[in-house]
Amino acid sequence: MKKTVATFFLILISMLVFAQKNQDEQLAIEYYKSGEYEKAAELFEKLYNKKADTYIYYYYYQVLLEMGHFDDLEKMIKKQIRAYPNVPRYKIDLGYAYEHANEIQKAEKEYQNVLKEMLPKDNAIRELYYAFLSKAKQEYAIETLLKGRKLLNDNKLYTQELTAIYEKLNQTDKIIEEALALIKDDNASYLPTSEEIIQNLLINDEDKQKYVTIKTILQKNVQKYPHHLSYVALLYWVYQLNKDYSDALVLAKSIDKRQKDDGARVYEVAKLAYQSRDYETAIDALSYLIAKGEESPYFMNAKIDLLNVKYKKLTSVSPVRMADAMNLEKEFKKLIDENGIHSGTADWIRKYVQLLAFYVNKPQEAIAVLNQAIATADRDIREKNQYKVDLADIQLFSGNVWDATLLYSQVEKELPNDTIGHLAKFKNAKLSFYIGEFAWAKSQLDVLRAATTKLIANDAMYFSLLISDNEEEDDDDSLLFGNENKNLPLQYFAKADFLLFQNKENEAFIMFDSVLLLSPYGPLTDDIFYQKAFILIKRQDYFGAELLLKKIIESYAYDILADDAIYKLAELYEYYLKDIPKSMECYQKLMREYPGSLYSVDARKRYRALRGDVLE
C-alpha cells in the first residue's frame, strides 16, 4: 500500500514538473514573440540548463542574438557543440554568431573548418547545405554541394539544389552550365532534366536575354562538338520552346541530312510552325520533304499539307496577292486532275472551289466543279450535302440570294438532325440577316441555340441576341406606312457583315465606321470593334487590333463578346506579336473570369502548352 502511494506521489510530482515546464516554455515563447527578450532569455536559460534540447536551444540562441549578448551566446553554443560534437550545424551557428558580433575572421574560420570536416555521406552533405542555407549563406551552400560532388565522385548530384540557388542569385550562366553538365557525356537520359532546368529559367524572360544567352552557348557547343547529339537535341528543343521554328528547321534539316533520317523531325517542325501560323517555315519544311522524293514516308502527307498551308497563308491576309492565288489555283487543279473527283479528294475540291469563287473571281468554274462533285457523291448523302452548302455559299457570294436559300433549305430538309443540316440552317438564317429580314432570321437562330454543335449553337445565340438587342419596336405610323429608317444601324451592320463574307474587307470597314457615326455609343459598338479587329489582323495591323480588343475587354467586360475578345487577344500575342507572357496572362484571365466560355478548354490547353507542360 505504501509503495503504491509513493508511486502515485512520484507520478503526481512528475506531472506537476512537466506542467510547470510546459507553462514556462509557452510563456517564454510569448515573451519572445512580443519582443520582451530579457524576460524570454531568463526563462529560456532556466529551461536550457535543465535540458539542452534542440527546440529550446534555437529559441534561446535567437533571443541572445537579438539582444546582442554575444558572450553568453558563444558560451551556450560551445556547450551545445560539446554535447553534440558530430552535429556540424551548431558550428555554423557559432560562425553566424561571430559574424553578428563583427568578428568576421572567426566566422570564416568556423565555416571553413566545417567544410574541411565534411564527411563523404549524402545526409551529412545535405545537413550542412541546409544549415548554411538557413543562415542565408548561399555561397557556402554552393561550396558545400560542389565539394560534396567531389567527395562522392558524381558531378551530376545536387543539380536541382544548385540551380535553385543560382536562380536566386540571378546567375544565368551557372544555371545553363548545370543544364549542359548533365548531358556533357552525351547521355540522352538526362535530356528531360536539362530541358526542365532551361524551361524554368525561361519562364521570366520578357526581354529574351536569357533565351539569347542559352541559344548562343548551345550554338557554340554544337559547332565545337558536331557529333554530340544531346547538345543538338537540346538546341532543337530550345528553338521549339521559343517558337523559333525557322532556326529549328535549319537544325532539323541538318540532322536529317547528317543522319540520313526519314524526315520525321522536319515534319514535326512543319506541323508546329503551321499551328503557330508561321506559314513560311511550314511551307519550307514541307517542300524539303517533297524534294526527298516518293521514297520518303512523309512524301504524300507533305504534298497534301503543302496545299493546305499555302491556302491558309493566302486567305489569312488582306488584300490577297492575286499572283499567289492564281499560282495556287493551278496547283490545286493539277492535283485534282491527277487524282480525280471522289471522296478522297473532297477536302482539296472544297478549297479549290472556294479559291476559284472567292479569290480569283471564277465563280462559274467553281459552280461547274461543285455540280460535278455533287453528281459523283450521289451515294454519300453527307458529302453531297456538304458540297451543296459550298455551292450555296458561292451563289450567295455572287448575289444570287434565292438560289442560295433554296440550296440551304434543301440541305436542311435532307439532314435535319445532322451537323451539316444545322450548318445549312444557320447559313440560311445569316442570309436572312444579311438582307434585313431580322425577325425571320431570329426565329431560325433561336431554334439553333439548342444545336448539338457548340460552335453553331454559340454563333446562333450571338446573332439572336444581336438582333434582339438592336431591333427597334414598331410604332403605329410604321405599321401603316412603313419606315425605311427602322433598324438602320442594324441594317448597316448586316451589310458590313455580308461584305466581310464576300472578302470585301475595305468596304466592310467603311460600313462599320458608318454604323459608329450613326450610333456612336449604341449597343453595336463592341461588335464593330471586334469585327474591325479581325480586319486589322488580316491587314497585319496587329497593334491596331490589340487596341480594339483591349477596348472591348475594358469597357464591355459583361457583354457577350468579352471572352471572345480575350481569346482573340491571347492568340494575337501568341501568334503575331510573339509576347508569350501576355498571351498566357490572357488565357489565364479567360479561365479565371469566364470558366463557362466556349474557349475555356482550349485556353487551358494553350496556357499549359505555353508554360511548357507535356500534353498528351
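The following legends describe close-up views of a predicted model.

**Figure 1. A patch of negative charge on the surface.** Five residues, Glu38, Glu42, Glu45, Asp71 and Asp72, gather here in a surface patch of negative charge. Helices α2 (37-50) and α4 (70-83) each contribute at least two residues to the patch, and α2 gives the largest share, with three residues. Glutamate 38 belongs to helix α2. Its relative accessible area is 55%, so glutamate 38 counts as exposed, a class that requires over 50%.

**Figure 2. A salt bridge between glutamate 99 and lysine 137.** Side chains of opposite charge can pair when their charged atoms come close. In this view, the closest N and O atoms of glutamate 99 and lysine 137 are 3.1 Å apart, and the two residues form a salt bridge. Glutamate 99 lies in helix α5 (residues 89-100), while lysine 137 lies in the loop between α7 (122-134) and α8 (138-152); the partners are 38 residues apart. Glutamate 99 is partly exposed, at 26% relative accessibility, whereas lysine 137, at 16%, is buried. A search of the whole structure finds 36 salt bridges.

**Figure 3. A salt bridge between arginine 382 and aspartate 418.** The side chains of these two residues, arginine 382 and aspartate 418, meet at an N to O distance of 2.9 Å. Arginine 382 is in helix α21 (residues 381-397) and aspartate 418 is in the loop between α22 (401-414) and α23 (419-434), so the salt bridge ties together parts that are 36 residues apart in sequence. Is each partner buried or partly exposed? Arginine 382 is partly exposed, with a relative accessible area of 38%; aspartate 418 is buried, with 17% relative accessibility.

**Figure 4. Helix α31 and its link to helix α33.** Helix α31 comprises 15 residues (562-576), which at 1.5 Å a residue should span 21 Å; the end C-alpha atoms are 20 Å apart, in agreement with this value. Of these 15 residues, 14 are buried, and α31 is therefore largely enclosed by the rest of the structure. Glutamate 574 in α31 forms a salt bridge with arginine 606, with an N to O distance of 2.0 Å. Arginine 606 lies in helix α33 (residues 600-611), 32 residues apart from glutamate 574 along the chain. Both arginine 606 and glutamate 574 are buried. Just after α31, lysine 578 adopts a positive phi of about 55°.

How values were computed. Residues numbered from 1 in each chain as written. Predicted model: local features only at pLDDT ≥ 70, side-chain atom pairs only at ≥ 80, totals over all residues. Heavy atoms only, no water. Patch = residues over 30% accessible without salt bridge, like charges linked within 9 Å, V, L, I, M, F, W, Y side chains within 5 Å. Areas by Shrake-Rupley, 256 points an atom, 1.4 Å probe, with all protein chains shown as cover. Salt bridge = Lys/Arg side-chain N within 4 Å of Asp/Glu carboxyl O. Lys, Arg positive; Asp, Glu negative; His and termini not counted. Charge placed at Lys NZ, Arg CZ, Asp CG, Glu CD. Helix = DSSP H or I, 4+ residues; strand = E, 2+ residues; numbered from the N terminus. Buried < 20%, exposed > 50% of the residue type's maximum accessible area, 1.4 Å probe, protein only. Expected span 1.5 Å × (residues − 1).
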